[in-house]
Amino acid sequence: MINKLRIEPKELEILRFLSRRLKLPLKNEKQYLHLEKGYAGEQHFDRELQDLPDSCIILNDLLLENSNTHFQIDTLLIAGSTLFVFEVKNYEGDYCIENERWYSLPSKTEIKNPLLQLQRCETLLRGLLKELGFHLPIKSHLIFINPGFQLYQAPLNISAVFPSQLKRFLTKLKNTPTAAKSRNMKLAEQLNARCMKENPYIRIPEYNYAQLRKGIPCDSCSSFLTPFTQGYLTCGECGLKEKADTAILRCVNEFRVLFPDRKITTNTIVDWCGGVGSGKTVRRILVRNYEKKGGGKLHIIKEGKNRRRGLR
Ligand SMILES: [Zn+2]
């Protein structure tokens with residue numbers, strides 16, 4: 001069972017929206033692609049864990065603190081009487097280890113040793129468990145999720161699961177003997193309660209409204225869409241067809257995420273969408289999906305199927 005769901009990191013959402021409407025500085029562009037890839041890897045691993053028995057408890061994306069130090073756990077699994085810490089890596093291509101240093105090949109550029117990060121997490125988690133009064137053994141693993149990943153000269157006892165080992169590893173997990181679930185639930189609840197709600201380490205470049213390209217970017221390929229016909233927008237690049245209402249709501253959500261303090265009015269959204277929808281259309285969509293509160297600020301009244309897209 002999943003006790004804490006994974007949600008898309010705010011940092012990734014903001015960078016993705018910005019990248020469509022602005023040329024990101026190179027370092028943010030790299031950071032964006034890195035986050036996108038990392039998140040895809042985590043989602044892949046989530047799918048692999050779907051079939052674990054109900055007695056297992058999964059906590060995703062934990063941002064915790066011990067001894068005034070923050071640490072983040074991608075996936076924490078409580079199975080039987082063991083705590084598993086998983087750090088998911090979506091590395092692709094060839095890598096090697098030499099004298100405990102990690103390099104990406106063929107350029108042989110040194111990368112951060114992911115085992116050190118994992119060990120740091122484990123130590124801090126152990127401290128926190130002690131404080132909470134739980135004494136479970138912790139097993140930590142790097143999960144290399146990408147089938148295109150190859151690591152040379154890895155030591156035999158490395159705390160890692162490679163793509164070709166994942167199926168076997170999951171079978172082993174499924175067969176973990178069960179233990180007192182109430183104790184495990186108690187632990188899960190306490191860890192959840194200790195979790196920080198917002199990541200204080202978000203790094204996003206400065207931006208302002210005037211800098212950003214106005215219009216409606218395609219949901220699939222991000223190219224900008226032209227005015228719609230018969231209630232539908234069709235992408236000239238990839239051919240994706242989308243209901244105009246859905247596309248405009250997508251843009252309203254982008255606007256809310258990028259400018260949380262600004263009012264949502266018909267005029268602001270017409271401008272934000274680059275005139276793709278008329279004032280009349282935008283007003284109709286806003287009225288149908290949002291309600292007016294004091295000061296003319298619009299609040300969501302319907303979530304429905306747009307919820308997954310981030311209208312939360
Ligand atoms: Zn497209």
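# A tour of the predicted model

Among contacts in the protein chain between residues at least 6 apart in sequence, 62% join residues at least 24 apart. The model is predicted. Show the whole chain as a cartoon to begin: eight helices and 14 strands make up its secondary structure. Its C-alpha atoms fill a box of roughly 65 × 50 × 35 Å along the principal axes. Of the 312 residues, 46% count as buried.

**Stop 1: the two domains**

Colour residues 2-194 as domain 1 and 214-309 as domain 2. Taken over C-alpha atoms, the domain centres are 35 Å apart. Seven residues from domain 1 and 15 residues from domain 2 take part in the contact.

The area buried between domain 1 and domain 2 is about 880 Å², and carbon and sulfur atoms give 57% of this area. Which residues of domain 1 lose the most area to domain 2? Select Phe17, Arg20 and Arg21: together they account for 80% of what the domain 1 side buries.

Keep Arg20 on screen and add Glu254. These two form a salt bridge, with the closest N and O atoms 3.3 Å apart. Between domain 1 and domain 2 the count is two salt bridges. Four residue pairs are in polar contact across the interface.

**Stop 2: strands S2, S3 and S4**

Select residues 69-79, which are strand S3. Eight of the 11 residues of S3 are buried, so the strand is largely enclosed by the rest of the structure.

Add strand S2, residues 57-66, which pairs with S3 in the antiparallel sense over nine bridges. To follow the register, pick Ile58, whose bridge partner in S3 is Leu77. S2 and S3 form a hairpin with two residues between them, and Ser67 in the turn has a positive phi of about 45°.

Now add strand S4, residues 82-89. S3 and S4 pair in the antiparallel sense over five bridges. Here Ala79 has Thr82 in S4 as its bridge partner. S3 and S4 also form a hairpin with two residues between them, and Gly80 in that turn has a positive phi of about 60°.

**Stop 3: Ser104**

Move to strand S6, residues 101-104, where Ser104 is found. Is Ser104 buried or exposed? Its relative accessibility is 17%, so Ser104 counts as buried. Apart from neighbours within four places in sequence, Ser104 is in contact with Asp94, Tyr95, Thr109 and Ile111.

**Stop 4: salt bridges**

Show the charged side chains; the count comes to 19 salt bridges. Side chains of opposite charge can pair when their charged atoms come close.

Start with Arg16 and Glu8, which meet in a salt bridge at 3.0 Å, N to O. Arg16 counts as buried, with 15% relative accessibility.

Next, select Lys10 and Glu13, a salt bridge at 3.7 Å, N to O. Both lie in helix H1 (residues 10-21), and because they are three residues apart, about one helical turn separates them. Lys10 is partly exposed at 42% relative accessibility, whereas Glu13 is buried at 3%.

Then pick Lys37 and Glu92, whose side chains meet at 2.7 Å, N to O. Lys37 lies in helix H2 (residues 26-49) and Glu92 in the loop between S4 and strand S5 (93-98), so this pair ties together parts that are 55 residues apart in sequence. Lys37 is partly exposed at 34% relative accessibility, and Glu92 is partly exposed at 47%.

Finish with Arg6, Glu42, Asp46 and Asp61, which are joined into one network by salt bridges that share partners.

Key
Residues are numbered from 1 along each chain as its sequence is written. This is a predicted model: local features need pLDDT of at least 70, side-chain atom pairs count only at pLDDT 80 or more; totals for chains, interfaces and linings use all residues. Side-chain values use heavy atoms; hydrogens and water are left out. Buried means under 20% relative accessible area, exposed over 50%, partly exposed in between (1.4 Å probe, protein chains only). Helices (H or I, at least four residues) and strands (E, at least two) are DSSP runs, numbered from the N terminus. Two strands pair if DSSP finds at least two bridges between them. Domain bounds come from an automatic or database domain assignment. Contact means heavy atoms within 4.5 Å. Buried area is the accessible area (1.4 Å probe) that two parts lose on being put together, summed over both. A salt bridge is a side-chain nitrogen of Lys or Arg within 4 Å of a carboxyl oxygen of Asp or Glu. A polar contact is a pair of N or O atoms within 3.5 Å; within protein, one must be able to donate a hydrogen and the other to accept it, and residues adjacent in sequence count only if both atoms are side-chain atoms.
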